[in-house]
Amino acid sequence: MKFAVTSKGDAKSNALMHKIRAYLLDFKLTYDENKPDIVISVGGDGTLLYAFHRYIERLDKTAFVGVHTGHLGFYADWVPDEIEKLVIAIARTPYQIIEYPLLEAIIRYQHGGKETRYLALNESTVKAVDGTLVMDVEIRGDQFERFRGDGLCISTPSGSTAYNKALGGAILHPSIRALQLAEMASINNRVFRTVGSPLILPAHHTCMLKPVNRSDFLVTIDHLTLLHKDVKSIQYRVANEKIRFARFRPFPFWKRVHDSFVSS
Ligand code: NAP
């Protein structure tokens with residue numbers, strides 16, 4: 001089996017990365033940074049986001065596992081003290097795979113520019129370059145509302161504990177194939193009106209955002225922020241692709257939520 005190890009880049013994560021690599025080489029596994037069967041990400045949830053995007057072309061062939069060197073993570077749920085146990089478990093393949101849904105974003109441009117497609121593990125957000133974001137929101141082809149405010153956040157179930165949560169969105173179990181649309185400071189008064197609640201859309205529903213008065217936007221895909229000009233529409237739906245996690249022991253999602261947000 002071929003493996004790769006990625007690190008957040010700090011001294012603690014780097015030391016752990018080298019240790020894991022040495023252990024797995026001792027077990028006669030092959031180190032292959034380009035075509036790994038398993039990627040061990042050392043750092044935090046943010047580090048796993050980077051690893052996901054680094055290996056985005058191999059999602060059907062690569063499984064991820066996260067070791068955290070800070071506080072408890074959602075994607076990174078192994079602690080440094082457990083790495084001997086983890087290494088033995090990896091070396092003893094096969095392991096169980098669990099899959100989480102991803103978000104697909106397709107950005108189309110005015111004047112017939114080539115569309116761009118992205119996959120997000122946590123979420124995509126849309127904000128105006130300056131001033132208020134004004135977007136028509138269509139759900140399943142029907143006009144739903146005209147949004148005015150700071151921005152919109154469209155998240156995956158596993159991303160629901162990240163930015164979405166800070167916006168008052170619900171926490172969704174990752175076994176639910178859905179996307180969530182959460183508002184950032186919408187303008188609501190007698191003249192302007194939005195639903196004001198986060199919406200959860202099933203996998204067969206599409207959410208389309210259409211610009212009203214401007215066409216340049218800041219669009220984030222997980223940790224990446226990109227300026228898109230001459231935007232005609234941004235389409236979101238649950239992607240066909242999934243992220244695969246290597247599972248070596250039960251660690252229920254709701255326990256991770258409890259330990260992260262209620263008490264550890
Ligand atoms: P960052 O600003 O350095 O870190 C964002 C924080 O979010 C880190 O503490 C990270 O955990 C945590 N996080 C990432 N994914 C998570 C998840 N699925 N559930 C719970 N917490 C999660 O940025 P970054 O490391 O490059 O990560 C980008 C992410 O930051 C975005 O995808 C977005 O979700 C999040 N973000 C949140 C807010 C907010 O809450 N107001 C604002 C902007 C962006 P670790 O410390 O373990 O890496």
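This tour goes through the ligand site, the largest pocket and the largest cavity of a predicted model.

Residues are numbered from 1 along each chain as its sequence is written. Because the model is predicted, local features need pLDDT of at least 70 and side-chain atom pairs count only at pLDDT 80 or more, while totals for chains, interfaces and linings use all residues; side-chain values use heavy atoms, with hydrogens and water left out.

**The ligand**

Select the ligand and the residues near it, that is, those with a heavy atom within 4 Å of it: 16 residues surround the ligand, and the closest are Asp 45, Gly 46, Asn 122, Glu 123 and Thr 161. By class, this shell holds six nonpolar, seven polar and three charged residues (Ala, Val, Leu, Ile, Met, Phe, Trp, Tyr, Cys and Pro count as nonpolar, Asp, Glu, Lys and Arg as charged, and the others, Gly among them, as polar).

Next, display the polar contacts, which are pairs of N or O atoms within 3.5 Å. A backbone N or O atom of Gly 46 is 2.8 Å from a ligand oxygen atom, an N or O atom in the side chain of Glu 123 is 2.5 Å from an oxygen atom of the ligand, and a backbone N or O atom of Ser 158 is 3.1 Å from a ligand nitrogen atom. Of the 840 Å² of accessible area that the ligand has on its own, the protein covers 62% (Shrake-Rupley method, 1.4 Å probe).

Now colour by secondary structure, where helices (H or I, at least four residues) and strands (E, at least two) are DSSP runs numbered from the N terminus. The elements giving two or more residues to the ligand shell are α2 (45-54) and α4 (163-166), and α2 supplies the largest share, three residues. Colouring by domain, with bounds from an automatic or database assignment, shows that domain 1 (2-95 + 248-262) and domain 2 (102-240) each give at least three residues to this shell.

**The largest pocket**

Move to Ile 56, Leu 59, Arg 117, Leu 119 and Glu 241, which are the closest to the centre of the largest pocket among its 14 lining residues. The space in this pocket is about 290 Å³ (on a 1 Å grid over the protein atoms alone, a pocket is an open set with protein on both sides within 12 Å along at least five of seven lines, a cavity is a set of points where a 1.4 Å probe fits but cannot get out, and lining residues have an atom within 4 Å of a point). Its lining has six nonpolar, one polar and seven charged residues.

**The largest cavity**

Finally, select Asp 77, Ile 98, Phe 245, Ala 246 and Arg 247, which lie nearest the centre of the largest cavity, lined by 16 residues. About 170 Å³ of space lies in this cavity, and its lining divides into 11 nonpolar, one polar and four charged residues.

Key
Grid points are joined across faces, edges and corners, and a volume is the space filled by probe spheres set on the points. A polar contact is a pair of N or O atoms within 3.5 Å; within protein, one must be able to donate a hydrogen and the other to accept it, and residues adjacent in sequence count only if both atoms are side-chain atoms.
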